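Here is a short tour of one protein chain, meant to be read with the structure open beside you. Take your time and rotate the view as you go.

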Amino acid sequence: MERNPIFHQTRLRLAAWYTLVMGGILGLSSLGVYSVVAHAYYETIDQGLQSAANALHKSIEPAWQQPGQLQRLAKELSLELCVGQTSCLPKITSIKKSITEAANPVNYYIRLLDRSGKLFASEGMEFDHLPITSELQYWQILTDSSGARYREITLPLYTQKQVSGYLQVARSITDLDQHLAYLRLALVLGLPISMIFVGLSSWWLAGRAMQPVYLSYQQMQQFTADAAHEFRTPLAAMYSTIEAAIKLQQEPKSNGGILDVLKRQNRRLSQLVGDLLLLTRIDQKQITGEYQSCCLNDLISDLIEELAFLAVETKVNLSKQVQVSEKLYVMGNEEQLYRLISNLIANAIQATSSGEKVTVFLEKSELYAMIKVEDTGIGIAVEHQQRIFDRFYRVDRDRSRTSGGSGLGLAIAIAIARAHKGNIHVQSQPGLGSIFTVRLPLSS
């Protein structure tokens, strides 16, 4: 399968599309997993923080409503009582059990604010690093000067059914940020690794899926080769019989026309069988062992001389322009290269009207030899240019029947070019002619 460019490219496209689709699915799945995990982390932290805040609120609010209980409140809750945020009472080491169970002193803080939002009492981290926000929202995230983030909940404190202060409880979410950072790293690194395995699996699966098709294609190729080979013998015998009948005919006027038609159609059928055999040999890589150094200068000169009669017959001016000073050599099968260039020149002559011209150029471009066949004929429409190299495809079917063409000329040409590690490019505009460019690697 790898030796056939059509199946190789199809397998590559299938694997690429499968990898692309799976990559999109994995990317969306990774984004979904990250969103779910992050949401679950935040929900867990918020639930724990809300439980701790509610427990503290039940303990603080009754004492908060009684004037003169600030000292006792500070001692009970181990809060640092501040007056104007400058004079603070020393901390008491004993911390109420409910507070200790509610949060870890390392990653939480408690703040009491008065009605205006000024700090009244605190416990936990140093507040020089964490500003007090003017907007007292129920939930918010704060960032200190070192970049650590805190999840904070704010509950109002009431005195005689009026807001007289606020309780703020917060927890550091540095551990959450670290967990999410590890998760992002795992997803970012895991996605390309997964894509590599997906790509390899796609290539293997595409090969497995195309194997039955390729086997059918091989059977079709083998059938074509066997049928074409078997046809050659009876066709040759038929041709010989027709030749003998023409020589031995007693009444040339009555039988000559019929025999000539049979002879012409037999020759056409023999040519078609030969073309099918040639394409089969090229597909099965049966001509690679016959490669040798071929001179393109001599090849083109011989072809110009050989096809000159066809150009004269159609009143087309056929010429060549060799634009290199040295001889250009390529490794290949001389007979097949001869057929490649001959097909292009013959097609150009047939597509060119009387009085017009066909020019064959030989050029050199870096490591490649370039053969250009340029005509001033009818040209090829854009919608046909992608299909003219398909087997049995004919742009003008009526003209092809008249000239005896089967639609295999360009298919044979591009098959030979690809077998020699080259390619053919076409440029054409209807009414302005066409340029077929053959690129073949130069022999080292």
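The report starts with the whole chain, then takes up its sheet, helices, cores, hairpins and one loop residue.

**The chain as a whole**

Please keep in mind that this is a predicted model. The chain has 11 helices and 14 strands. Of its 444 residues, 37% are buried. If you take the contacts between residues at least 6 apart in sequence, 65% of them join residues at least 24 apart.

**A five-stranded sheet**

A good place to start is an open sheet of five strands, in the order 9-11-12-14-13, where the pairing is mixed. Strand 9 and strand 13 (423-429) are at the edges with a single partner strand each, so one side of each has no neighbour in the sheet. On average, neighbouring strands here are turned by 15° against each other, direction ignored. Within the sheet, strand 11 (residues 357-365) and strand 12 (residues 368-375) run antiparallel and are joined by eight bridges. V360 has V373 in strand 12 as its bridge partner.

**Two helices on the sheet**

Helix 6 packs on this sheet and touches strand 9, strand 11 and strand 12. The direction of helix 6 makes about 170° with that of strand 9. Helix 8 lies across strand 9, strand 11, strand 12, strand 13 and strand 14 (433-441), and runs at about 25° to strand 12.

How do the two helices meet? In general, two packed helices are described by the angle between their axes and the distance between the axes. For helix 6 (residues 296-306) and helix 8 (residues 334-350), the axes come within 10 Å and cross at roughly 50°. That angle is why helix 6 counts as oblique to helix 8. The crossing is right-handed. On the helix 6 side, L299, I300, D302, L303 and E306 take part, meeting E334, L337, Y338, I341, S342 and I345 in helix 8.

**The nonpolar cores**

I345 turns up again in the largest nonpolar core, which has 45 residues. Together with L318, L340, I424 and F436, I345 belongs to the residues with the most contacts inside this core. Beyond its neighbours within four places in sequence, I345 is in contact with L303, L307, L318, V360 and V373. Another core lies apart from this one; it has 15 residues, including A53, I110, L157 and V169.

**Two hairpins in a row**

Elsewhere in the chain, strand 6 takes part in two antiparallel pairings, compared here.

| Pair | Bridges | Opposite residues | Residues between strands | Positive phi |
|---|---|---|---|---|
| Strand 5 (residues 139-143) and strand 6 (residues 149-159) | five | W139 and I153 | five | G147, about 95° |
| Strand 6 and strand 7 (residues 162-172) | 10 | E152 and A170 | two | Q160, near 55° |

Each pair in the table forms a hairpin.

**A loop residue: K315**

Is K315 buried or exposed? K315 is exposed: its relative accessible area is 62%, and the cut-off for exposed is over 50%. K315 sits in the loop between helix 7 (308-313) and strand 9 (317-322). Although K315 and T352 are 37 residues apart in sequence, their C-alpha atoms are 9.3 Å apart in space. Leaving out neighbours within four places in sequence, K315 is in contact with S353, S354, G355 and E356.

Technical notes: Residues numbered from 1 in each chain as written. Predicted model: local features only at pLDDT ≥ 70, side-chain atom pairs only at ≥ 80, totals over all residues. Heavy atoms only, no water. Pairing = 2+ DSSP bridges. Helix = DSSP H or I, 4+ residues; strand = E, 2+ residues; numbered from the N terminus. Core = buried A, V, L, I, M, F, W, Y, C linked by side-chain atoms within 4.5 Å. Buried < 20%, exposed > 50% of the residue type's maximum accessible area, 1.4 Å probe, protein only. Contact = heavy atoms within 4.5 Å. Axes fitted to C-alpha atoms, helices over the stretch in contact; angles between N-to-C directions. Parallel < 35°, antiparallel > 145°, perpendicular 65-115°, else oblique. Left-handed = near helix turned anticlockwise from the far one by under 90°.
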